[in-house]
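Trainee: Could you take a close look at the cysteines in this one for me, and set them in the context of the whole chain? I'd like to follow the reasoning step by step.

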Amino acid sequence: MAKGSPVTANSAAGNRHSAGCVEEAEETVEELRAALARAGISLPSLRVDPATVVREAPCPLVELGRCSVETAARLAATLGRGAANP
């Protein structure tokens, strides 16, 4: 394939887009972790799902992970309060 061809250009643009998506996902995870911490909630398994990042065209998903029943109840209560006070 010739350098600078439309396919190469599209691939390069796609790689930049993909890298941007992964970076945005990582930033979002950190923002969510900080917001949860302010509410006194910790989700130890919170992360960007690595399986969704290693694909040819990454489309990252956030893995919320597992938590205790107590943490799930606190999360539900916190979200309920937030929904009641928009």
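Mentor: Let's settle one term before we start: a residue is called buried when its relative accessible area is under 20%, exposed when it is over 50%, and partly exposed in between. Keep in mind too that we're looking at a predicted model. With that cut-off, 17% of the 86 residues in the protein chain come out as buried. The chain has 2 helices and 2 strands, and going along the sequence they follow the pattern α-β-β-α.

Now for the cysteines. To call a disulfide, you need a pair of cysteine sulfur atoms within 2.5 Å. Cys21 doesn't get there, because its closest cysteine sulfur, the one in Cys59, is 6.6 Å away, which is too far for a bond. Seen from the other side, Cys59 is in no disulfide either, and its nearest cysteine sulfur is that of Cys21, at 6.6 Å. So the count for this model is 0 disulfides, going by the 2.5 Å rule.

What about the surroundings of Cys59: is that residue buried, partly exposed or exposed? Its relative accessibility is 45%, so Cys59 counts as partly exposed.

There's a charged feature to look at as well. Glu23, Glu24, Glu26, Glu27 and Glu31 form a negative surface patch. Take Glu26 as one of its members: this residue lies in helix H1, which covers residues 6-38. Glu26 counts as partly exposed because its relative accessibility is 45%.

Key: Residues numbered from 1 in each chain as written. Predicted model: local features only at pLDDT ≥ 70, side-chain atom pairs only at ≥ 80, totals over all residues. Heavy atoms only, no water. Buried < 20%, exposed > 50% of the residue type's maximum accessible area, 1.4 Å probe, protein only. Patch = residues over 30% accessible without salt bridge, like charges linked within 9 Å, V, L, I, M, F, W, Y side chains within 5 Å. Areas by Shrake-Rupley, 256 points an atom, 1.4 Å probe, with all protein chains shown as cover. Salt bridge = Lys/Arg side-chain N within 4 Å of Asp/Glu carboxyl O. Lys, Arg positive; Asp, Glu negative; His and termini not counted. Charge placed at Lys NZ, Arg CZ, Asp CG, Glu CD. Helix = DSSP H or I, 4+ residues; strand = E, 2+ residues; numbered from the N terminus.
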